[in-house]
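Please look through the sequence and the model shown below before reading on. The paragraphs that follow go from single residues to helices, and from there to the chain as a whole.

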Amino acid sequence: MSKYRKQVNKCLEKMRFGDESGLKELFSCTLQNLLGVAKWYLYDKSFAEDVVAETYEKAARSISSFDCKQDGYNWLYTIAKNTAFTYNEKHGKITQSELSAADGVALPESEVAASDSRLDARAAIESLGEPDGQIMFLRFYEKATINEIADSVGMSKSAIQSRIKDNVKKLREYFERLE
């Protein structure tokens, strides 16, 4: 269960009953988080705002299918993630160095290496699957606490700590295989 569950579910329930203020409230309480999700999953970050806009559109269109007993934030997160994957399929994988080269801007080698490392790190975390990928993303990119992660994914704090420890080992092995 995410820390945003109550607030997001309240907004979604308003939307479900035709109250337009629900969408405004949903937008104000989730925009920054959903932008982070979109940027995390997108190869080309310039599509992040488009992905978030489409996420809200999809949520509004399918609001009748939302079960208010479930976690609304996780529902939106999944819509945003899947929408980002769709954008990646449409627009192909592009690295920051390729994007800069296309713009005619040469990046310093250190910046290209850092950019490629971020893409490698994202691929490594994505290889963990769910919920481990989400746990690692929350911990290392959103700097969430163990308590916040436990609330977000509906697990105990000790389970989160154990998964983080195991996943760090898996990530080390992943990077060792790349070398």
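R61 counts as exposed in this predicted model, because its relative accessibility is 60% and the exposed class begins over 50%. The residue belongs to helix α3, and its C-alpha atom lies 10.0 Å from that of R16, although R61 and R16 are 45 residues apart in sequence.

Helix α3 itself covers residues 48-61, and its length can be checked by simple arithmetic. At 1.5 Å a residue, these 14 residues should span 20 Å, and the end C-alpha atoms of α3 are indeed 20 Å apart, so the expected and modelled values agree. In contrast to the exposed R61, a set of residues in α3 is buried, namely A48, V51, V52, E54, T55, Y56 and A59. In reading that set, it helps to recall that an α-helix has 3.6 residues a turn, so residues three or four places apart point the same way. Which helices help to cover the buried residues of α3? The cover includes α2, residues 21-41, and α4, residues 72-91.

From α2, one residue to pick out is Q32, which is exposed because its relative accessible area, 59%, is over 50%. The C-alpha atom of Q32 is separated by 9.5 Å from that of V52, with their positions 20 residues apart along the chain, and V52 is one of the buried residues of α3. Between α2 and α3 there is a loop, and D44 is found in it. Is D44 buried or exposed? With a relative accessible area of 14%, D44 falls under the 20% cut-off and is therefore buried. The C-alpha atoms of D44 and Y87 are 8.8 Å apart, while the two residues are 43 places apart along the chain.

The cysteines deserve a separate look. How many disulfides does the structure hold? The number is 0. For C11, the nearest cysteine sulfur is that of C29, at 4.3 Å, and C11 is in no disulfide; a disulfide would need the two sulfur atoms within 2.5 Å, so this pair does not qualify. C11 is buried, since its relative accessible area is 2%, whereas C68 is partly exposed, since its value is 24%.

Further along the chain, helix α7, residues 132-140, packs with helix α8, residues 146-153, at an angle of about 145 degrees, and their axes are 10 Å apart. The crossing of α7 past α8 is right-handed. On the side of α7, the residues that take part are Q134, I135, L138 and R139, and they meet I146, I149, S152 and V153 of α8. L138, placed in α7, can serve as an example from this pairing: it is buried, because its relative accessible area is 10% and the cut-off is under 20%. Setting aside neighbours within four places in sequence, L138 is in contact with K143, A144, I149 and S152, of which I149 and S152 also appear among the α8 residues in the pairing. L138 and V37 lie 101 residues apart in sequence, yet their C-alpha atoms are 10.0 Å apart in space.

Taken as a whole, the protein has 9 helices and 0 strands, and of its 179 residues 39% count as buried. Among the contacts between residues at least 6 apart in sequence, 62% join residues that are at least 24 apart.

How far each part may be read depends on the confidence of the prediction. The protein averages a pLDDT of 78, and 79% of the residues score at least 70. Confidence is highest in α3, at 92, and lowest in helix α5, residues 96-102, at a mean of 43. Over residues 94-119 pLDDT stays under 50, and for this stretch the model has 19 contacts beyond four places in sequence. Where pLDDT is low, the predicted coordinates should not be read in detail.

Methods
Residues are numbered from 1 along each chain as its sequence is written. This is a predicted model: local features need pLDDT of at least 70, side-chain atom pairs count only at pLDDT 80 or more; totals for chains, interfaces and linings use all residues. Side-chain values use heavy atoms; hydrogens and water are left out. Buried means under 20% relative accessible area, exposed over 50%, partly exposed in between (1.4 Å probe, protein chains only). Helices (H or I, at least four residues) and strands (E, at least two) are DSSP runs, numbered from the N terminus. The expected span of a helix is 1.5 Å times one less than its number of residues. Contact means heavy atoms within 4.5 Å. pLDDT is the predictor's confidence in each residue, from 0 to 100. Axes are lines fitted to C-alpha atoms, for helices over the stretch in contact, and angles run from 0 to 180 degrees between N-to-C directions. A crossing is left-handed if the near helix is turned anticlockwise from the far one by less than a right angle, and right-handed if clockwise.
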